[in-house]
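The report below examines a single molecular structure, which is shown here with its sequence. It takes up pockets, nonpolar packing, aromatic pairs and backbone geometry in turn.

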Amino acid sequence: MISNTINEILNEQINKEFYSGYLYLSMSAHLKELGLNGFASWTRLQAKEEVEHGLKIFDYLIDCNSFVTLKQIRTPEFEFNGISSIFNHIYEHEKCITRSIMEIAKKAEEECDRTTLNFIDWFIAEQIEEEEAVKNIIKRLDMFGDDKVALYLMDQELARRGKE
Ligand code: OFO
């Protein structure tokens, strides 16, 4: 049985995941405007994954006979200052989500809620992967600087995400 504290924090996490989806979609629109279709497609796919993360928690609460409380999703940022700033923003955002996931694990541990601890393990592994993927993109963006050819090749590479 899930406690009220765990229920509340999981419902908040659903909202954070859906907000992440909104944020990635907003970035995707901006990247598309810049003509960076591969980066746009990468962030759009990420938006879809975030909604899936939210739904995963949604289903977990229902499976546990707990209740879902959907809250208002705030407006994501829509003004960005170039590709590097977008990916630095993503990295900071994902680190914030990781902290939030860790907080759920901590609360579940305090309550000896083994079911939620087991459930949240998947998200911990997912956060490691996501942070790593974004860090790699940032490293390469930093390295290539203003090299347009390198940016074009990277755009092509990111366009392949989900198609291999
Ligand atoms: Fe970006 O990750 Fe969801 O949880």
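## The largest pocket

Which residues line the largest pocket? In this predicted model, the lining consists of I83, S84, R140, L141, F144, G145, D146, D147, K148, A150, L151 and M154. The elements that contribute two or more residues to this lining are α3 (83-110), α4 (114-144) and α5 (148-159), and the largest share, 4 residues, is that of α5.

The volume of the largest pocket is about 170 Å³. By residue class, its lining is made up of 6 nonpolar, 2 polar and 4 charged residues.

## Nonpolar cores

The largest nonpolar core holds 22 residues, and within this core F39, F87 and I137 touch the most other members. Two or more residues of this core come from each of α1 (4-33), α2 (37-63), α3, α4 and α5. In soluble globular proteins, nonpolar side chains tend to be buried together.

The contacts of F87 give a more detailed view of the packing: when residues up to four places away in sequence are not counted, F87 touches F39, W42, T43, V134, I137, I138 and L141. F39 and I137 therefore appear in two roles, since both are contacts of F87 and both belong, with F87, to the residues that touch the most other members of the largest core. L141, for its part, is a contact of F87 and also one of the residues that line the largest pocket.

A second core, separate from the largest one, comprises 19 residues, and C64, I101, F119 and F123 are among them.

## Aromatic pairs

A pair of aromatic rings is described by the distance of the centres and the angle of the planes. Across the whole structure, the search for such pairs finds 5. One of them joins Y60 and F119 in a stacked arrangement, with 4.0 Å from centre to centre and 10° between the planes. Because Y60 belongs to helix α2 and F119 to helix α4, this pair ties together parts that lie 59 residues apart in sequence. Both Y60 and F119 are buried.

How is the pair of F119 and F123 arranged, stacked or tilted? The pair of F119 and F123 is tilted, with 5.4 Å centre to centre and 55° between the planes. Both residues lie in helix α4, where they are 4 residues apart, about one turn of the helix. F119 has a relative accessible area of 14% and is buried, while F123, at 1% relative accessibility, also counts as buried. Ring pairs join Y60, F119, W122 and F123 into a cluster, and F119 and F123 from this cluster are included in the second nonpolar core.

## Positive phi angles in loops

Two residues other than glycine deserve a note on their backbone geometry. N65, which is not a glycine, nevertheless has a positive phi of about 60°, and this residue is placed in the loop between α2 and α3. The side of the chain at N65 is open to solvent in the computed sense that N65 is exposed, with a relative accessible area of 68%.

C112 also has a positive phi, in this case near 50°, and its place is in the loop between α3 and α4. At 65% relative accessibility, C112 counts as exposed.

Definitions and conventions. Residues are numbered from 1 along each chain as its sequence is written. This is a predicted model: local features need pLDDT of at least 70, side-chain atom pairs count only at pLDDT 80 or more; totals for chains, interfaces and linings use all residues. Side-chain values use heavy atoms; hydrogens and water are left out. On a 1 Å grid over the protein atoms alone, a cavity is a set of points where a 1.4 Å probe fits but cannot get out, and a pocket is an open set with protein on both sides within 12 Å along at least five of seven lines; lining residues have an atom within 4 Å of a point. Grid points are joined across faces, edges and corners, and a volume is the space filled by probe spheres set on the points. Ala, Val, Leu, Ile, Met, Phe, Trp, Tyr, Cys and Pro count as nonpolar, Asp, Glu, Lys and Arg as charged, and the others, Gly among them, as polar. A nonpolar core is a set of buried Ala, Val, Leu, Ile, Met, Phe, Trp, Tyr and Cys residues joined through side-chain atoms within 4.5 Å. Buried means under 20% relative accessible area, exposed over 50%, partly exposed in between (1.4 Å probe, protein chains only). Contact means heavy atoms within 4.5 Å. Rings of Phe, Tyr and Trp (its six-membered ring) pair if their centres lie within 6.5 Å; planes under 30 degrees apart count as stacked, over 60 as edge-to-face and the rest as tilted.
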